[in-house]
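Biologist: Before we look at any details, could you take me through this structure slowly, and tell me each time what a term rests on?

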Amino acid sequence: MNLIAANFPLRPAWTEIDLGKLRRNLQLIRADLPRAVKFLAVVKDEAYGHGAFDVARIAIEEGAWGCGLSTLEEALTLREAGITAPLLLLGERQEAELPWCVEHDLTVCVNEPHTIRKLARVAAARNKRVPVHLKIHTGMSRYGVRWDEALPLVAQIVAENALQLEGVMTHFSQSDEVDKSFANLQLARFHEVLTALAARKISVPLRHACNSGGFLDLPHAHFDMVRTGILMFGIFPSTVCRQIPGIEPVMSVKAKIASLQKLKPGEVVGYGMRYTAPSERRIAVLPIGYGDGFPRVRNTGCALIHGKRAPLIGGIAMDALMVDVTAIPEAQLWDEAVLMGRQGNDEITVHDIAKLKNSVSYDVLTNWRLRLRRKAVNGDTRFIRALI
Ligand SMILES: *Cc1c(COP(=O)(O)O)cnc(C)c1O
């Protein structure tokens with residue numbers, strides 16, 4: 001049974017993905033970048049919870065060179081859905097994954113000799129010459145070969161006929177804070193490698209280092225391409241980085257009022273009786289809870305209803321949360337509430353939700369659960385294909 005094709009009724013709690021705003025953000029990013037600099041649309045983890053397929057499709061329409069992904073499965077899913085642009089796998093590859101990468105024309109990041117040798121063998125066996133990007137660690141100590149040990153790998157790649165050194169890349173530990181000293185140290189180390197490559201007359205078409213923060217604040221590190229993730233979704237990586245006017249959040253989280261209750265003074269609400277009514281109150285139940293990714297808070301936060309703030313009361317349940325609508329008498333059953341996003345003149349931002357769970361915007365965006373269906377608006381598809 002294909003529930004989406006059957007026009008299955010949407011649950012009264014959902015994430016809303018504004019594809020029009022996504023497209024506009026991409027256009028603003030493209031317009032802000034020098035013409036010669038390409039951009040990679042980073043759509044790992046279902047495009048930070050926005051739905052990888054439609055984000056990839058629109059990003060490519062708006063000029064992205066290709067898409068960045070983390071896992072083999074993510075990349076194959078996009079290939080299967082018909083995305084033919086370059087797909088760069090940013091994470092690490094196990095040996096068993098390499099034949100799949102070659103078969104489906106996925107671009108692999110490499111940083112150690114064994115994978116390079118195996119990949120070359122697999123490519124040669126299929127009569128293919130495959131592009132690779134050499135990942136260099138310049139101080140983050142995560143993936144990548146150390147900057148001062150990179151040259152032997154370059155030599156190894158160049159010596160393999162079945163491989164083409166298409167890219168060299170690095171990644172910043174901190175690009176969006178006021179203090180750029182560590183980013184500039186990393187950049188100097190990256191330049192050491194590039195200088196050594198130039199001295200050996202090895203030209204690499206795609207040198208790249210910047211994520212969204214670097215794109216905004218480190219124009220001297222743009223090189224040939226930037227890798228934008230969170231900025232496409234209208235979220236600035238920090239409050240102190242450069243802001244591009246007009247960029248707007250793409251995702252909202254909404255629910256409809258599923259029940260209304262009247263409380264007499266002294267009556268309590270929810271599991272653990274965490275809220276006691278100080279006076280007569282009117283409360284609304286929203287059918288969304290920690291099982292949907294809403295932070296498990298109590299008596300903090302709010303929802304927007306009729307453009308007004310309704311405070312959360314009591315503890316959050318798996319499937320429900322309660323808000324006080326005493327001051328919003330017009331609130332009726334099945335009226336729309338906004339848990340994250342804009343309603344009227346007010347807005348609950350991703351950062352507000354991040355504060356509730358003591359985390360960051362990236363974590364909030366990627367942690368809405370899939371049982372909250374994604375409803376695409378202002379685009380040409382009704383649902384982002386949440387289940388492919
Ligand atoms: C996730 C990721 C990005 C995108 O980062 P944003 O801060 O979301 O722009 C860029 N490069 C690499 C290697 C990544 O893993």
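Modeller: Let us begin with one word: a residue is called buried when its relative accessible area is under 20%. The model is a predicted one, and of the 388 residues of the protein, 53% count as buried by that cut-off. The protein has eleven helices and 21 strands, and its C-alpha atoms fill a box of roughly 80 × 50 × 40 Å along the principal axes.

Biologist: What makes both faces of strand 16 count as covered?

Modeller: Strand 16 comprises residues 302-305, with Cys302 and Leu304 on one side and Ala303 and Ile305 on the other. The cut-off for buried is under 20% relative accessible area, and these four residues are all buried, so we conclude that both faces are covered.

Biologist: How do you know that strand 16 pairs with strand 17?

Modeller: Two strands pair if there are at least two bridges between them. Four bridges join strand 16 to strand 17, residues 308-313, and the two run antiparallel, so the condition is met. Within this pairing, Cys302 stands opposite Pro311. The two strands form a hairpin with two residues between them, and His306 in the turn has a positive phi of about 50 degrees.

Biologist: Why is strand 19 also called a partner of strand 16?

Modeller: Pairing asks for at least two bridges, and strand 16 and strand 19, residues 336-343, are joined by two bridges in the antiparallel sense, so they count as a pair. One of the positions involved is Ile305, whose bridge partner in strand 19 is Ala337.

Biologist: Which other strands pair with strand 19?

Modeller: Strand 11, residues 251-256, runs antiparallel to strand 19 and is joined to it by four bridges, with Lys254 having Val338 as its bridge partner. Strand 20, residues 346-348, is also antiparallel to strand 19, with three bridges between them, and here Gln343 stands opposite Asp346. Strand 19 and strand 20 form a hairpin with two residues between the strands, where Gly344 takes a positive phi near 60 degrees.

Biologist: Why is strand 19 described as largely enclosed?

Modeller: Six of its eight residues are buried, and therefore strand 19 is largely enclosed by the rest of the structure.

Biologist: Let us turn to the ligand. What makes the approach of Lys44 to the ligand a polar contact?

Modeller: A polar contact is a pair of N or O atoms within 3.5 Å. A polar side-chain atom of Lys44 lies 2.7 Å from an oxygen atom of the ligand, so the pair qualifies. An N or O atom in the side chain of Ser212 is 2.5 Å from a ligand oxygen atom, and for the side chain of Tyr362 the corresponding distance is 2.6 Å. On its own the ligand has 390 Å² of accessible area, of which the protein covers 93%.

Biologist: Which residues and elements surround the ligand?

Modeller: The ligand is surrounded by 14 residues, and the closest are Lys44, Tyr48, Ser212, Arg227 and Tyr362. The space that the ligand takes is the largest pocket, and the elements giving two or more residues to the shell are helix 2 (44-49) and strand 10 (225-228).

Terms used:
Residues are numbered from 1 along each chain as its sequence is written. This is a predicted model: local features need pLDDT of at least 70, side-chain atom pairs count only at pLDDT 80 or more; totals for chains, interfaces and linings use all residues. Side-chain values use heavy atoms; hydrogens and water are left out. Buried means under 20% relative accessible area, exposed over 50%, partly exposed in between (1.4 Å probe, protein chains only). A residue is near a molecule or strand if one of its heavy atoms lies within 4 Å of it. A polar contact is a pair of N or O atoms within 3.5 Å; within protein, one must be able to donate a hydrogen and the other to accept it, and residues adjacent in sequence count only if both atoms are side-chain atoms. Accessible areas come from the Shrake-Rupley method with a 1.4 Å probe; for residues, only the protein chains shown count as cover. On a 1 Å grid over the protein atoms alone, a cavity is a set of points where a 1.4 Å probe fits but cannot get out, and a pocket is an open set with protein on both sides within 12 Å along at least five of seven lines; lining residues have an atom within 4 Å of a point. A molecule sits in a cavity or pocket if more than half of its atoms lie within 2 Å of its grid points.
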